[in-house]
Amino acid sequence: MIYPFIPIGLIAVFAVVILYLLIIKKDMKKVKSVLYPGLFFIGIWIVIYYFLLR
């Protein structure tokens, strides 16, 4: 089953987008607008995995 690995792949894509915005674009406003929803998404998946794998 590949379903548990989908959030891990999305987190990797999120990290690449943040690095792209920081290193290439150098746009801190855009980073802030992407960072908080992304961290919220990661937090939700951590909670879901905690209760599933507990």
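F40 is a residue of helix α2, and in this predicted model F40 counts as exposed because its relative accessible area is 59%, which is over the 50% that marks an exposed residue. If we look from F40 towards A12, which is 28 residues away along the chain, we find that the C-alpha atoms of these two residues are separated by 15 Å.

Right beside F40 in the sequence is F41, which also belongs to helix α2, the helix that covers residues 28–53. F41 counts as partly exposed because its relative accessibility is 32%, a value that lies between the limits of 20% for buried and 50% for exposed. W45, four residues from F41 and thus about one turn of the helix apart, is likewise partly exposed, with a relative accessibility of 27%.

The structure has three aromatic pairs. One of them joins F41 and W45, whose rings lie 6.3 Å apart from centre to centre, with 70° between their planes, in an edge-to-face arrangement. Another is made by Y50 and F51, and this pair is edge-to-face because the ring planes stand at 70°, while the centres of the rings are 5.2 Å apart. Of these two residues, Y50 is partly exposed, at 48% relative accessibility, whereas F51 is exposed, at 54%; they receive separate labels because exposed begins over 50%. Beyond the pairs, F41, W45 and Y49 come together as one aromatic cluster.

F41 also leads us to the surface, where a nonpolar patch of about 990 Å² is made by M1, I2, Y3, F5, I6, I8, L10, I11 and F41. Which helix gives the most residues to the nonpolar patch? The answer is helix α1, spanning residues 6–25, which supplies four residues. Y3, another member of the patch, is found in the segment before α1, and Y3 is called exposed because its relative accessible area reaches 59%.

Having followed the surface, we can turn to the inside. In soluble globular proteins, nonpolar side chains tend to be buried together. Here the largest nonpolar core consists of five residues, namely F14, I18, L21, V31 and I42. Both α1 and α2 are elements that give two or more residues to this core, and α1 gives the most, with three residues. V31 is a useful residue on which to end, for when its neighbours within four places in sequence are left aside, V31 is in contact with I18, L21 and L22. Among these partners, I18 and L21 are themselves members of the largest nonpolar core.

Notes
Residues numbered from 1 in each chain as written. Predicted model: local features only at pLDDT ≥ 70, side-chain atom pairs only at ≥ 80, totals over all residues. Heavy atoms only, no water. Patch = residues over 30% accessible without salt bridge, like charges linked within 9 Å, V, L, I, M, F, W, Y side chains within 5 Å. Areas by Shrake-Rupley, 256 points an atom, 1.4 Å probe, with all protein chains shown as cover. Salt bridge = Lys/Arg side-chain N within 4 Å of Asp/Glu carboxyl O. Buried < 20%, exposed > 50% of the residue type's maximum accessible area, 1.4 Å probe, protein only. Phe/Tyr/Trp six-rings, centres within 6.5 Å; stacked < 30°, edge-to-face > 60°. Core = buried A, V, L, I, M, F, W, Y, C linked by side-chain atoms within 4.5 Å. Contact = heavy atoms within 4.5 Å.
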